[in-house]
Amino acid sequence: MKKNHITLTIGVILVIIFGFMLLTFQVRHTEVAIRTTFGKAVVDNEGKADIESGFHFRWPWPVNEVYKFDKRIQSSEWTFEQTATTEGKPILIKVFATWRINNALKFFKSFSGDLNSADEKLKEVVRSSQNSVISNYTFDQIVNTNTDLLKLDEIEEEMKKNASLDTANFGIEIKMVGIKRLGLPASVTSQVFERMKSERQARIKETEAAGEREAKMLRADADLKANEILARAEAQAKVLRGEAEAASAKFFKEFEKNPELANFLFNLNAMEGSLKENSTLILDPNTPPFNLLTQPQQNKNN
Amino acid sequence: MEKQNSKKMGLINGIVLLVITLGALYLANDTQSSVAMASVVLLGIGTLISIFSFVQGHLISREQDEELEMQALDQTRGNESLFAGAAEDAYPARNARRQFEKWVVPAFSFLILIFQSVGLIWIYNLLSDTATTPLAVVSALTIMFNGLFIITLFLMGKYSAGLARMNDQELLRPGASYMLLGSVVSTSVVISQTATYFGYPGWDRAVTWGVFMIITISAVENLVTLILEIYRPRIDGKKARLLYDSRLIGLLGQPGSLISTATQALDYQFGFKVSETWFYRYVEQKLALIISIQFIVLFFSSSFVVINANEKATLERFGDLEDVLDPGFHLKLPWPVDKIYRFKTDEVHSFTLGVVDDNYQRDEEEKKPTRVLLWTQHHNHGSAETPDKNMNMIVASDVKIAGTSSETPSVNLLTVSIPIQYRINNLTNWIEQTDNPGKLMQSLAMREVTQFLIGADIDNLMGPGYTDAQNALKEEIQSQVMAHNLGAEILFVGLQHIHPPVGQNEQSKQSGGVAENYEKVIVAQLNAETNRLGALYYSAGKVPQAQASAAELLAKAKIESTNKVAIAQAEAKRFANQVKAFEGARSVYKTRMKLETFQAATKGSRKYILSDPANRDVINLELQDQLRSDLLDVTVDSQE
């Protein structure tokens, strides 16, 4: 009997727990919910069906059904897609959008409450908006070293505006459309590679030429300085020699006292100077003092 | 009569299992619940076994009828030796049953093994491919139907198991075991689906692993039984156990038998009847109460919370955010009133924008030394075939290159890899603002990097502007994170792997890739520097050498000047004295001077004296060398 009592108690507790679970539901602070009665959404006086976070009562299925949705900002991004600028230049662009549910009932009706389905529909809308907006801008307004000419913020704002118009009745609010990445198609990328290489090769030439120019200038400057120094030295040497000539000239007056002897001595000096270092002399036997070699024979002949 | 009932029961079991399997398959497909799909595999095998055992039972029934007919025939004909011990051909039903058990039963067991293996592979794929497996979508109706399956399977399984305990009704046992196990698995399906319904989808996978293990063990048991069957001694009269009757399935389907088996094992081990002691009986009597108390204790233990040092937690009461709990001990109302969600707020989280070098990661996994990463070699930069990995970012360029096509945009490409580290600094914002703040932060960061790079100068970025770029990006990303109230603090933004793309194509065979050309610029700069240093070396030597030469020249000039003046002075003085000598003896002095000078001047000279110019006789005064013949041809005029 006692055992049955315990079993009964446990059974009652379990029934209470399951009953409680069937008759109540919780909505988290990150969620919004709607409740339907026999399939019809329960709305308030303002026509809104959103049930905010907290503890709520319900009738069990099939009377009431509760659908919960994440009310936080959702982030969606799609594939890297090729589009064209206003001048027809191809560009790859990847956009992302942030959005949130602002009307749970509309969201439920539009997408059966499926976030993935909403993401798919949003993708179509944003892609269309992206292509139409980009085609109104030039490449230079998207990529430019002069940041004042860039229109990326404007493009993003236009894309958001267009997408918001197209999703006005979806029960969602688009918070932001951002350009996540920009790229170029493979064929253009290849050309850009060539362009980058050309730019580098030009820089290589410029660098090498600049190096050569600087080296030559340094060498020429050194040569110039060296020549100037040597020229100045030679000029100074000539001056010195001239001064020496001038200084020694006053002593030459002494020679004028006896020009005959002076000339004789100069000749001797000149001869002595010219006969130095391995000279070969072919002399007549009458040349003194070698005439001594032939005099006895002459005497004999006489 | 009982046998007829059993035969009918076998057929009903097969049909019921088939209907429930199809129903479960429909619900599993509808809910995308992996545990429901796993239960379909188990129920499907049970259906096959149940139908097969019915067929086998039918054959046995025919054999028994045949035997009765033969016995009746024997009694009618008396003991005529002609019919005594009839030949084997006289028992077609028995032969059919024997052939069936010899060939078809092992083949069927093998077929079941194949089904189990295929089922396991299918379940494993479901469990491992989490990316493509959608989360289960469960409704109360689904749970209710599964509850109906539990009751049906349990009642019919229990009844069949009771029948199977009767003599010669063991053919009902395999089907009954599968029905009872089916009710257990359906219970787990209901539990996991209920958890999913209340927002705990993780249970689905966890319970599926449990069913996966049951089928795996059953398949192993089946395989072992098949192998052992080959070596089993065949003894006449000894009844063989059904090959496809799994002991394990029977044990799992009827856990009560497990308890009785355990009790018997305890009795055997201790040597006395443990099951008859007061303690055992007391525990047996109060088991329900003990388990209930444990559940109550477990329920209230959910009121105690310990938050670890590196964590913070949000406390939700009936779904509303009540509080953010710091590390330490906390009390809360029991589940499901209060719920706790933990977050590692102090932990440094990170993600990488751009190239993620998987070669590097592979090296890490293989514990090999990390190879050298070069600009000129691909390290997972992506290609035309893998555009997702192709992280060449656009950088604007204002350099116009002559000869390039007007269609080619004036841009550069840059390969980047930017690791970003962050920490949660406002937990409320972190969980309340977006469903996936980490993903949104990545998108925002990538947006900032893209916008930053399109206006940046590539040379400045890779050179002196590196640190400024790093700081600017950090500031921009932080401001975006704050603008979106993500509740995170950016700790670090790194610019690693920021370099020109490898950029190799068909045209690169001669001119080299883009990165290679960037390196060539560095080589050119080095060459120019080398050239400049060579010129400096030349310059450094040239001027001092010139200065030295100039000094030498000047010194020489000074010496010559000094000498010239001194010599002139000395010669003047000597001349004054020589004049006196000359005046004294003019002719002698001149001759003496002339001859002395001649002697001194020609001391080292070779001298040839023509003795007679007409005869060409030559007197050579130094005979060590031969006379050159050409000198004989010289004509010299005689001198005074």
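Here a visitor and a guide talk through helix packing, a sheet, two loop residues and a chain contact in a predicted model.

Visitor: Why is α5(B) called roughly antiparallel to α6(B)?

Guide: Helix α5 (residues 172-197) of chain B and helix α6 (residues 202-231) of chain B pack at an angle of about 165°. Angles over 145 degrees count as roughly antiparallel, so the label fits α5(B) and α6(B). Their axes are 8 Å apart, and α5(B) passes α6(B) in a right-handed crossing.

Visitor: Which residues of α5(B) and α6(B) meet?

Guide: From α5(B) come B:Val185, B:Ser188, B:Ile191, B:Ser192, B:Ala195 and B:Thr196. In α6(B) they meet B:Trp203, B:Asp204, B:Val207, B:Gly210 and B:Val211. By class, this contact of α5(B) with α6(B) has six nonpolar, four polar and one charged residue.

Visitor: What makes α3(B) roughly antiparallel to α6(B)?

Guide: Here the axes of helix α3 (residues 92-128) of chain B and α6(B) cross at roughly 155°. With the cut-off at over 145 degrees, α3(B) is therefore roughly antiparallel to α6(B). The two axes come within 9 Å, and the crossing of α3(B) and α6(B) is left-handed.

Visitor: What classes of residue make up the contact of α3(B) with α6(B)?

Guide: The residues that meet include B:Phe110, B:Leu113 and B:Leu120 in α3(B), and B:Trp209, B:Phe212 and B:Ile215 in α6(B). The contact divides into 13 nonpolar, eight polar and two charged residues.

Visitor: Turning to chain A, why is α3(A) called oblique to α5(A)?

Guide: α3(A) and helix α5 (residues 152-166) of chain A pack at an angle of about 135°. Roughly perpendicular covers 65 to 115 degrees and roughly antiparallel begins over 145; an angle of about 135° fits neither, so α3(A) is oblique to α5(A). The axes are 9 Å apart, and α3(A) passes α5(A) in a right-handed crossing. Among the residues making the contact are A:Val125, A:Val126 and A:Ser129 of α3(A) and A:Ile155, A:Glu158 and A:Met159 of α5(A). By class, seven residues are nonpolar, four polar and two charged.

Visitor: Why do β3 and β5 of chain B count as standing at the edges of their sheet?

Guide: The open sheet has three strands in the order β3-β2-β5 (chain B), with antiparallel pairing. β3 (320-325) and β5 (338-343) each have a single partner strand, so one side of each is left without a neighbour in the sheet. On average, neighbouring strands of this sheet are turned by 25° against each other, direction ignored.

Visitor: How do you know that strand β2 of chain B pairs with β5(B)?

Guide: Pairing needs at least two bridges, and six bridges join strand β2 (residues 312-317) of chain B to β5(B). The two strands therefore count as paired, and they run antiparallel. B:Ala313 stands opposite B:Arg342 in β5(B).

Visitor: What makes B:Phe318 buried?

Guide: A residue is buried if 20 or more other C-beta atoms lie within 10 Å of its own. B:Phe318 has 20 such atoms, so it meets the cut-off. This residue lies in the loop between β2 and β3 of chain B and has a positive phi of about 50° although it is not a glycine.

Visitor: And why is A:Ser112 called exposed?

Guide: The limit for an exposed residue is 12 or fewer, and A:Ser112 has 10 other C-beta atoms within 10 Å, so the word applies. A:Ser112 lies in the loop between α2 (104-111) and α3 (115-134) of chain A. Phi of A:Ser112 is near 55°, a positive value in a residue other than glycine.

Visitor: How many helices and strands does chain A have, and what share of the chain is buried?

Guide: Chain A has eight helices and ten strands. Buried residues make up 31% of its 302 residues. Among contacts in chain A between residues at least 6 apart in sequence, 71% join residues at least 24 apart.

Visitor: Which element of chain A gives the most to the side that touches chain B?

Guide: The contact takes 112 residues from chain A and 110 residues from chain B. On the side of chain A, helix α6 (residues 186-252) gives the most, with 48 residues. That side has 52 nonpolar, 30 polar and 30 charged residues.

Conventions:
Residues numbered from 1 in each chain as written. Chains lettered and ligands numbered in written order. Predicted model: local features only at pLDDT ≥ 70, side-chain atom pairs only at ≥ 80, totals over all residues. Axes fitted to C-alpha atoms, helices over the stretch in contact; angles between N-to-C directions. Helix = DSSP H or I, 4+ residues; strand = E, 2+ residues; numbered from the N terminus. Parallel < 35°, antiparallel > 145°, perpendicular 65-115°, else oblique. Left-handed = near helix turned anticlockwise from the far one by under 90°. Contact = placed C-beta atoms within 7 Å. Nonpolar A, V, L, I, M, F, W, Y, C, P; charged D, E, K, R; others polar.
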